[in-house]
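Here is a short report on a structure with protein chains and a bound ligand. Read it with the model open beside the text.

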Amino acid sequence: MRCGGRAARPAWTGCWWGEDVVKPAPFRYLRPTSLDEALDALATLGDEAKPIAGGQSLVPMLNFRLARPGVLIDLGRIPALTGVHRTDGSLRIGAMTRQRVLELDQDIADRLPVLRAALRHVGHVQIRTRGTIGGSLAHADAAAELPALALALDATVEVASVAGTRTVAAADLFLGPWTTCLAPDELLTRVDVPLAWQRAAIVELARRHGDFALAGVVGARRPATTDDAGIRLVGFGVGWTPVRLTEAEAALAAGGSAEVVADAAAAGIDPIDDIHADAAWRRDGLRALVTRIADQLGVAA
Amino acid sequence: MSGGAATAGLVADPRPRREDPRLLTGQGSYVADVRLPGMLEAAFVRSPLAHARIRAVDTDAARAAPGVIAVLTGADLSDVEPFPDLRERTRPVRQRALCIDRVRYVGAPLAVVVAEDRYLAEDAAELVDADLEELPVVADMDAALAPGAPLLYDDWPDDRIVATAPVDPELDAIFETHQVVRGTYRMQRHTAMPMETRGVVATVERGRLLVWTSTQVPHVVRTVIARTLGLPEHRIRVVAGDVGGGFGSKLHVYPEEVVIPALAWRLRRPVRWIEDRREHFLASSHARHQRHDLEAAVDERGDIVAVRGDLVCDVGSGEILPPGVAPAFVSAGSITGPYRFPRSQARLTCVVTNKTPSGAYRGFGTPEIVFALERLLERVARETGQDPVELRRRHLIRPEDLPYETPNGRRIDSGSHLEAFERAVAWAETTRERLAPTARGSIGVGYANYIEGVSPNYHATSGLWAQQETSTLRIEPDGTVVVASGLGPMGQGTETMLATLASQLLGVPHDQVEVRLGDTDLSPYGLGSFGSRSTVVAAGAVQLAAGRLLDKVRTIAGHLLEASATDIELVDGRARVVGSPDRSVGLAEVAHLAYFRTFDLPPGTEPGLEATGAYEQPGVDHRPNAQGKLNICLTYANSTHACVVDVDRATGVVRLLAHLAVHDAGLLLNPQVVDGQIMGGVAQGIGGALYEQLLHDADGQPLVTSFMDYLVPGAPEVPELTIDHLSTPSTTTPFGLKGAGEAGATGVPAAIANAVCDALRDTGIDITQTPITPSSIRAALRATPDPTTTEGS
Ligand SMILES: Cc1cc2nc3c(=O)[nH]c(=O)nc-3n(C[C@H](O)[C@H](O)[C@H](O)COP(=O)(O)OP(=O)(O)OC[C@H]3O[C@@H](n4cnc5c(N)ncnc54)[C@H](O)[C@@H]3O)c2cc1C
């Protein structure tokens, strides 16, 4: 069986996408069974290597030969990266936990229903069955649901390299389209999501069922503190990264009408133009979505 | 188990498709399933530029790459003849299987690499170094029409591959003296996008070329291979196997269908090429890229007395066989639709541009003109203060008008044009009421009326092939009936259809019939499947063959039963004496005489049990007459589509709530199969109306080359669909049959556009272009003060 170009053979023992279907440029393939092994490989190989999680974004790029890593490091057999650790205040989700596993987790649905709601917008069941939460965050698509959710819920991620681990707030993670602050030798190992949110909701508009959002909004609310009104509005698909709509949050906190909040949101973005929607539409779409979510959060004036 | 007696007629037989168990359980056999010992794989090097002169193609590094067997450029294949330019009055493109001196679109084949496997071939293909001298790009139809536009073909005076300029001073006078309503309507470039991409496997077997290809026209492919490679046809065998969708895109013969056989012939080894999806976007035909300037002349009663149009079609580079101009001729010829407009005129200009060649796609030019005409009717209604439903009603062909000849010579023999519309109106009114409570935005209803030409004379399109179809029927020694036909099915249930025809026309049980298709060694020369023709022409051919075969069965059975041949009938596979059903013999007994105890045959009877029927359609023109009139099809099915939509004004999102297709295809041989055709067609129509587009930038670079950007509708995008069959037999076809392959797709863009405008009628928004997207609706709403939102605030 041939799976990944000439040099790929040695380490392959299985091939999930069947025989003869893919045509990436040659690469070497490693499948470490521990985090240390993976981090060592990354440290040695640097830029030349790329981790592969669910492959739902990376494999198409390999097949188009848009990504040409010399070595693929498969994270699929590292037990430490999978599973959910539950505490009263947070969920700690291993980076390699499959999106579908999270979607079907009833406890999560009870405690953080917005996560299931968000996942239902991610592609189709087949894609979520392979796609991982860490892969989605590391891939950092500006139209993806999970990065926006992480930003809205003040999630943090744990990042590891041979040099040690660090914690990065979602607000610092996304630098640009498909770009995070991770160094080439770092792995995203865990996502910590606080459960302090009383209400949270996600709404989006996509061309077809299962498509990436043309525009989307995550809204969340928790009790105000002295320095935080406890309201989050994050737009996705409307800029180069998920964006916090801070003016709209402030307008909402100040008891502004849904229309005022929506206008503040639309004014606060610098939307992109692409073949699926123009920038003017993205403002309109965002305005409509913010109006809806203001209702769902129960804070509309 | 039905079978019944051979009858003068045919009856509906709504049985499940016999090919489905095979196709649905993975037992089908597509080109990609062909595996031969020692098979090599090919990868094509394709032009990265939209327009360039080829200075040199350096293949040295690729040849030296691991596993590479051969690398060929256009120059290496210069002994392969160009594709023939057969169509009259179309400028020649002299298409080369591999480009020799010029590339005219991104994706044009420059070279081919053959290696031990596809990976190695792809790796080596990257090493081929083409030295291309960039030429100015003609990116769209306006650029092509501009004076002094860069030329794609240096020996042409301009970029018009076809230009017709009918002159009619009387018509001009009519337009000068009447109220004129005009509009410009555009349909975007999109295409068939079958689930199975193309693919070719070729090998040499005992001195003959054996070619598997995913095509709708196996014999036509054989002829083109013969002419380009200079081989006699008998030394070529083309096999289509199962074809995973074609929708017109596979009625063209493509460069790879010549190059891969040429490679197998040279290398004397099997060679395989399977198109990947990205290649499909670049290298398989595009379609539907047209702009129509339409005008209607309206008299003081509000009646339309004439329509005329200036139609422009962007056919891409034009390097395709048969030429991509043909659908545009059908658009022009369909300018009056099913309406009694006394006069019409269509000027047609087809231009070449630096994009993938365009060609056939389900509907073949009809969806474009139906969209334009049905939108124009709405505008006429508005500008003359009429109810659009009433306007249509008054102009539709009525039963008493039939047979009806359109001003440009289409002879419409039969149909239910007005009744289909009335049914749609009744449905739409109740459906709108039923669904109104579920609407989240503004609800609207839209209609489209049209006729769909069935079984065209292909000569006007191809310049060579015309309209015959041939079937052979053979009774084997065990009594099995084998039908062989040159049709090229692509998933539409043709095997079931042929078995049903043979079963009913001979009088044998359905499961006693075997079908042979898609193999030029097993089938008589046929033109393949396109133009909603298969059932109609097959019925003509099988009818003839069955009549001849029955005569022989009667003679032999009469001899066995000591009765007169004229007293024998074949019922359920048994030949029996009319009036005494207990005196009968089975087909196997008849065959026993015909093949084995030939000495017992009645004197003068030839051994064997086989007959061939070749059907030539009556009354169909192969070229326009002196007045430019052309009746290009054997008959015309009619249809009305209606849909109910819900438009969210804040976001411009259109939700399709319900869709109706009233469809009249005459006698329905298998209503279930027709339903399937309509459902699939409607889904494709929705794709064209709302989602699918093949965009290019100003340099002719394609912006859409994967399913991430080319949005084909899935099940969630298809609404509740109602299919309402009317059944007006044709007077010109065998058994009154009409085709049903294409019509499902044709009316959808027009109906949806009309419904969206109806939902937004208070704004006066007038959609003139597909696809209708959230952005396009919002842009229109932003440009028009929205009464609803202004009220609300
Ligand atoms: C048809 C289709 C539709 C889709 N629709 C949507 C949608 O609507 N919304 C949406 O959000 N997504 C969508 N996706 C993408 C999908 O959600 C992917 O699963 C996700 O974007 C990436 O996750 P993955 O586990 O597959 O990562 P991979 O594809 O394996 O990797 C993606 C990238 O992240 C890097 N990476 C992965 N894991 C790590 C890690 N732990 N540490 C560091 N780097 C890492 C990889 O090196 C690679 O660069 C769609 C995909 C497809 C094919």
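In sorting residues by class, Ala, Val, Leu, Ile, Met, Phe, Trp, Tyr, Cys and Pro count as nonpolar; Asp, Glu, Lys and Arg count as charged; the others, Gly among them, count as polar. On that basis, the shell around the ligand has 14 nonpolar, 13 polar and three charged residues. The model is a predicted one.

**The ligand site**

The ligand has 30 residues around it. Those that come nearest are A:P51, A:G55, A:L58, A:T132 and A:E145. Three polar approaches to the ligand are listed below.

| Residue | Protein atom | Ligand atom | Distance |
|---|---|---|---|
| A:S57 | backbone N or O | oxygen | 2.8 Å |
| A:S136 | backbone N or O | oxygen | 3.5 Å |
| A:E145 | polar side-chain atom | nitrogen | 2.7 Å |

The ligand on its own exposes 970 Å², and the protein buries 91% of that area. Three elements of chain A each give two or more residues to the shell: β2 (49-52), α7 (133-139) and β10 (187-194). Which element gives the most to the shell around the ligand? That is α7(A), with four residues. A:E145 thus appears twice in this picture: it is among the residues that come nearest, and its side chain makes the approach to a ligand nitrogen atom.

**Where chain B meets chain A**

Now the interface. On one side, 39 residues of chain B are in contact; on the other, 26 residues of chain A. Together the two chains bury about 2700 Å², with 53% of it on carbon and sulfur atoms.

How many salt bridges run between chain B and chain A? The count is six. One salt bridge pairs B:E126 with A:R68, where the closest N and O atoms are 2.4 Å apart. Side chains of opposite charge can pair when their charged atoms come close. The two chains also share 12 residue pairs in polar contact, with both residues at pLDDT 80 or more.

On the chain B side, the elements that give two or more residues are α3 (118-125), α17 (671-691) and α20 (774-783). The largest share comes from α3(B), with five residues. By class, this side of chain B divides into 18 nonpolar, six polar and 15 charged residues.

**A long-range pair within chain B**

Over all chains, the structure holds 91 salt bridges. One within chain B joins B:E279 to B:R46, with the closest N and O atoms 3.0 Å apart. This pair links distant parts of the chain, as its residues are 233 apart in sequence. B:E279 belongs to helix α8 (residues 277-283) of chain B, while B:R46 belongs to strand β1 (residues 40-46).

**Backbone points to check by eye**

Chain B has a cis peptide bond from B:L402 to B:P403, with omega near -5 degrees. B:P403 sits in the loop between α11 (388-395) and β16 (404-405) of chain B.

Another cis peptide bond joins B:T770 and B:P771, and its omega is about -5 degrees. B:P771 is found in the loop between α19 (748-759) and α20 of chain B. That helix, α20 (774-783), is one of the elements on the side of chain B that touches chain A.

In chain A, is the phi of A:D154 positive or negative? The value is positive, near 55 degrees, in a residue other than glycine. A:D154 lies in the loop between α8 (145-152) and β6 (156-161) of chain A.

Notes:
Residues are numbered from 1 along each chain as its sequence is written. Chains are lettered from A and ligands numbered from 1 in the order in which they are written. This is a predicted model: local features need pLDDT of at least 70, side-chain atom pairs count only at pLDDT 80 or more; totals for chains, interfaces and linings use all residues. Side-chain values use heavy atoms; hydrogens and water are left out. Contact means heavy atoms within 4.5 Å. Buried area is the accessible area (1.4 Å probe) that two parts lose on being put together, summed over both. A salt bridge is a side-chain nitrogen of Lys or Arg within 4 Å of a carboxyl oxygen of Asp or Glu. A polar contact is a pair of N or O atoms within 3.5 Å; within protein, one must be able to donate a hydrogen and the other to accept it, and residues adjacent in sequence count only if both atoms are side-chain atoms. A residue is near a molecule or strand if one of its heavy atoms lies within 4 Å of it. Accessible areas come from the Shrake-Rupley method with a 1.4 Å probe; for residues, only the protein chains shown count as cover.
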